[in-house]
There are 2 protein chains.
Amino acid sequence: MSAAPKARFQSFEETANPAQGAGRLAALRKEIDRRGLDGFIVPRTDEYQGEYVPPSSERLAWLTGFTGSWGAAVVLREAAAIFVDGRYTVQVREQVDPAAFSPEHLIENPPETWLEKHLKPGQKLGYDPALLTPDAVRRYQKAVTRAKAELVPVDGNPIDAIWTDRPAPPCAQVVLHPIELSGEATDSKLGRMRAKLENLGDAALVVTDPHAVAWIFNIRGGDVSHTPLPLGAALVPAEGRPTLFMDGRKLSNAIRDALADIADILEPAALDKALRDLGAGKARVRFDQGTASQRHVGLLQEAGGTPDVGADPVALMKAVKNAAEIAGSRAAHARDGAAVSRYLAWLSREAPKGHLTEIDAAVKLEAFRSETGLLMDVSFPSIAGAGPNAAIPHYRVTEKSNRKLEPGIFLIDSGAQYRDGTTDITRTVAIGAPDAEMKDRFTRVLKGHIAIATAVFPKGTSGAQLDSFARRPLWEAGLDFDHGTGHGIGSYLSVHEGPQRIAKLGTTPLEVGMMLSNEPGYYKAGAWGIRIENLVLVESREIAGAEREMFGFETLTFAPIDLALVEPALLTEAERAWLNAYHAKVRELIGPQLEGEDARWLVEATRPI
Amino acid sequence: MSAAPKARFQSFEETANPAQGAGRLAALRKEIDRRGLDGFIVPRTDEYQGEYVPPSSERLAWLTGFTGSWGAAVVLREAAAIFVDGRYTVQVREQVDPAAFSPEHLIENPPETWLEKHLKPGQKLGYDPALLTPDAVRRYQKAVTRAKAELVPVDGNPIDAIWTDRPAPPCAQVVLHPIELSGEATDSKLGRMRAKLENLGDAALVVTDPHAVAWIFNIRGGDVSHTPLPLGAALVPAEGRPTLFMDGRKLSNAIRDALADIADILEPAALDKALRDLGAGKARVRFDQGTASQRHVGLLQEAGGTPDVGADPVALMKAVKNAAEIAGSRAAHARDGAAVSRYLAWLSREAPKGHLTEIDAAVKLEAFRSETGLLMDVSFPSIAGAGPNAAIPHYRVTEKSNRKLEPGIFLIDSGAQYRDGTTDITRTVAIGAPDAEMKDRFTRVLKGHIAIATAVFPKGTSGAQLDSFARRPLWEAGLDFDHGTGHGIGSYLSVHEGPQRIAKLGTTPLEVGMMLSNEPGYYKAGAWGIRIENLVLVESREIAGAEREMFGFETLTFAPIDLALVEPALLTEAERAWLNAYHAKVRELIGPQLEGEDARWLVEATRPI
């Protein structure tokens, strides 16, 4: 027996232990009773409202066992429930003791509805105002009022009081993101932000999204997994110097000197005083509706200020990549495409032998990326799905769920963090001879992918207006997929970045320089799954005779799409031409980076059809 | 010289007289000053918030001269403005004296923005609460508050006080819409409404939309042009008999007897007391957000009730047509298609001679429809556009704007009201030899039309998700059109009916039985315009192997699409097959209704390509 394969940036351990839930629930109930409360809300988010949180903030996982990226528990004296969305309905039943926490569907039976049924008149439901946005508080407040109960902010999270072995908060060193990669100095970014503040009529912007902080100050860190974030906040006034609120231990003297040129640097706790001071001056202050906490908004308001809670203007600025970021992304994708292509070549040789597992497959892909010498992290834990596991769009392999790659199809969705760019790619490959249904479905997904890749659309068009192009070939066969077609992506930042999306609700108009994923799929429940994902860049399109300013997509991701799964008869001439041109570009860009049997495999894998 | 052609249901008179504006404005200012006000809001809508209003309610037209279907004027002591949307920016300048009323763009410079600039602190702006919805009042209130002024409801509209030759309110006889055509008795409709009220937790529904009143009670009338509406309201309690509020003079004894079986019948003014009684009983009552007036909502609230202002549940019920309504629509379309086809045959013979005008063309089409013997009205004034007039999507020909049909293309958008169904069809035809650009554009519009006609989509899909299918062929050439792709349509009711739409903001999921128009277009400003419109019906689709419940469209409208404008090389095989199959169906359905040269023309016009 060989040793279990290891990855540097991913763990396949099953950390959840349902058995601990009941004891921890009892301890929490004791603690909230001690504080004179009848219940408490435990969201998955920490005070930064991000997708990845440090171990010290995994309160929901500690309490319930549930490790998904989104969810919340509500604990009352006699009932407790955990709310998760459709992605996690299976997972929650494996990780959480249902006798302790009843699993509920976040959309079909949200906490608000559940509370109306379980909360008794006069009861006090506590919440940590540092962890909830004003919008979330409003929603809970409505339900609590209907139940004739009381919603009470607590000072100090009760979980922290009973979590005796809680890890220390992260304290990774901050590094500068150089101008060659960021493409725009902080001064320039601040200038553009001040113009936006003036338009909004606000005296200052409270930057509570660490991604925005990283973007503004051109810094990166390592406080959470997979996204190079330094956790911290900032205050950008319409006039005068901004303040960066960050744990001083994360800043080397050199970094501190560089940042001190453009900002005052204070400890995170100092944001409270800054908000009170702004409030005392009757200032109107912008807060990000997605990440600002009720606690921060309340501090300003109680001191006499006017909170203006809305979209963080930085989100849209950050979403539009500049020339340096685009060049960085192209370089990252050329490198990543070679690693992925080497991996696919390896997979084509090894998978048919029948010995590989999903974990082997995920580890090996990380290894090929590591060999580039430039891999900083994976941009998310790989989704490596064999057989029925691939039918779970957000599947994450653990030692417990690990399956052998068997004849049929195998799906791997993965990405890398390089200093010059973040990648995200999904390939679905045949192992052995795929059946006709697999080929039909794969080809329909490919047609949807091509319909997005080749879309041309007028300025002002949103991703919502493009989403159905990816679905029509599936609809024609009575099929669909239950996720968006594309999400935004950061520049050596989060693999999921807003506000633009290609999805039913993606109403942000697309702008030149925005990057998105293009990832239609098809999932045959209990059997297998297909997804084809490339990243695309919104670019300007010159069309002879055009009456509108037109945009289109440039595909950034280059790795072969498995021709063994393509049914050429289902493709139009134009679709076939796109596929052949795409593969020609893969050969041209990736070919020179491969050697020996990998290079020979690539020629075959990218042959014209 | 021949006499000017006449139509029964349409007038081409230019009724606006800009010269009267200044005098009427002065009179209004005097009247509002007399009432202690500094300004007054004059919406185009009447108390029923409909698209067509009776002459007695055309207050905006009387005051300003503007006859468009949507707009508002705001009159202050020293300034007055009229606000219209993009459809009417040209028309308003022709109909209104700009020295009296400054023309403003309703979206770019809405009344709220204008008021903030022109209203002075302490001033009192009056409005008629019977003519504004609570939502409109809220929007005005916000602006008035920002201007530190006061928004004041008036009792009795000041226009009515100075409008000495105001026509009498309409009083057309009500007729029953028989069960063979309505397909569902009022009792059954009331039962379904009561179930909805129970879900909503409301004690009653105030039906303020006359279309909904007509639908519930299976009645029709003639109080406004083009839509067979009896103006009136109703109250439907969750338990007990409903009340119909309608001018008793409109009801013959026979109709009154029939209605008395199912409802109490009271004069319209009695609704006030009914609302006060409900309020006194602390009832929670549903109001339609689209048509309920601030006045009615206020009456309930002041008496102690709780208004629940939201979507009228009748709208969605009415939008889903039953088997009798669908059969009626098919019969109406077979008849209307024959009239339109005879017309197109006539046009093909007469138009090239060069003597026809837009009015001739509109009148002749009405005449062919009248010859069916079943025409009750046109469903809207025909849009008959020659040359540059066709580039105005909502163009309406008047004696002043009337143009000769010259070589090139001619667009005619028209519809009929028959007792069994309402139609709406646009055809664009070549006169002489169309140029290559016309053919290219027409074919792209046709491709978009076919993309909608052939769409297959899962249950839950909205029109917003389909809209881009109609645009993609135009987008590929850098072109687009600035209106929605489709609107709902009534059953011998309004030609524009909600809530479903095929448009960027059409988020209502489509349901089997809904009817919509499919009408992409292309407009070359100052030159010509193209639109191809058929009505479609949402139907269930059986697809072998389907995993979702799938829907598609059945096209209801049958008349030739001009092949002289089709560039076959631009069509895919599937598109060509759709066009040929469509024309085969036209030949099959319409052919037997035509004679002589019309019949011979149809065979040629529907030949396979």
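**Exercise 1. Find how chain B of this predicted model is laid on chain A, and state the RMSD.**

Step 1. A turn of 180 degrees, with a shift of 0.1 Å along the axis, lays chain B on chain A. The RMSD is 0.1 Å.

Step 2. The two copies are therefore related as by a two-fold rotation axis.

Step 3. To see whether both copies use the same surface, take the contact residues of chain B: 100% of them recur in chain A, so the same surface serves both copies.

**Exercise 2. Which residue of chain B comes closest to the rotation axis?**

Step 1. Use the C-alpha positions of chain B.

Step 2. The residue is B:Q465, at 3.3 Å from the axis.

**Exercise 3. Describe the make-up and overall dimensions of chain A.**

Step 1. Count the elements: chain A holds 28 strands and 19 helices.

Step 2. Compare the radius of gyration with the globule rule. Chain A has 25 Å, close to the 25 Å that the rule gives for 609 residues, so chain A is as compact as a globular protein of that length.

Step 3. Take the extents along the principal axes: the C-alpha trace spans about 70 × 55 × 50 Å.

**Exercise 4. What share of the residues of chain A is buried, and what does the chain expose?**

Step 1. With buried meaning under 20% relative accessible area, 60% of the 609 residues of chain A qualify.

Step 2. The exposed area of chain A is about 23400 Å², of which carbon and sulfur atoms supply 52%.

**Exercise 5. How many charged side chains of each sign does chain A have, and how far apart are the centres of the two sets?**

Step 1. Chain A carries 80 negative and 69 positive side chains.

Step 2. The centres of these two sets lie 2 Å apart.

Key:
Residues are numbered from 1 along each chain as its sequence is written. Chains are lettered from A and ligands numbered from 1 in the order in which they are written. Side-chain values use heavy atoms; hydrogens and water are left out. Helices (H or I, at least four residues) and strands (E, at least two) are DSSP runs, numbered from the N terminus. The radius of gyration is taken over C-alpha atoms; the globule rule is 2.2 Å times the number of residues to the power 0.38. Buried means under 20% relative accessible area, exposed over 50%, partly exposed in between (1.4 Å probe, protein chains only). Accessible areas come from the Shrake-Rupley method with a 1.4 Å probe; for residues, only the protein chains shown count as cover. Lys and Arg count as positive and Asp and Glu as negative; His and the chain ends are not counted. The place of a charge is taken as NZ of Lys, CZ of Arg, CG of Asp or CD of Glu. Copies are superposed by least squares on the C-alpha atoms of residues with pLDDT of at least 70 in both. Contact means heavy atoms within 4.5 Å.
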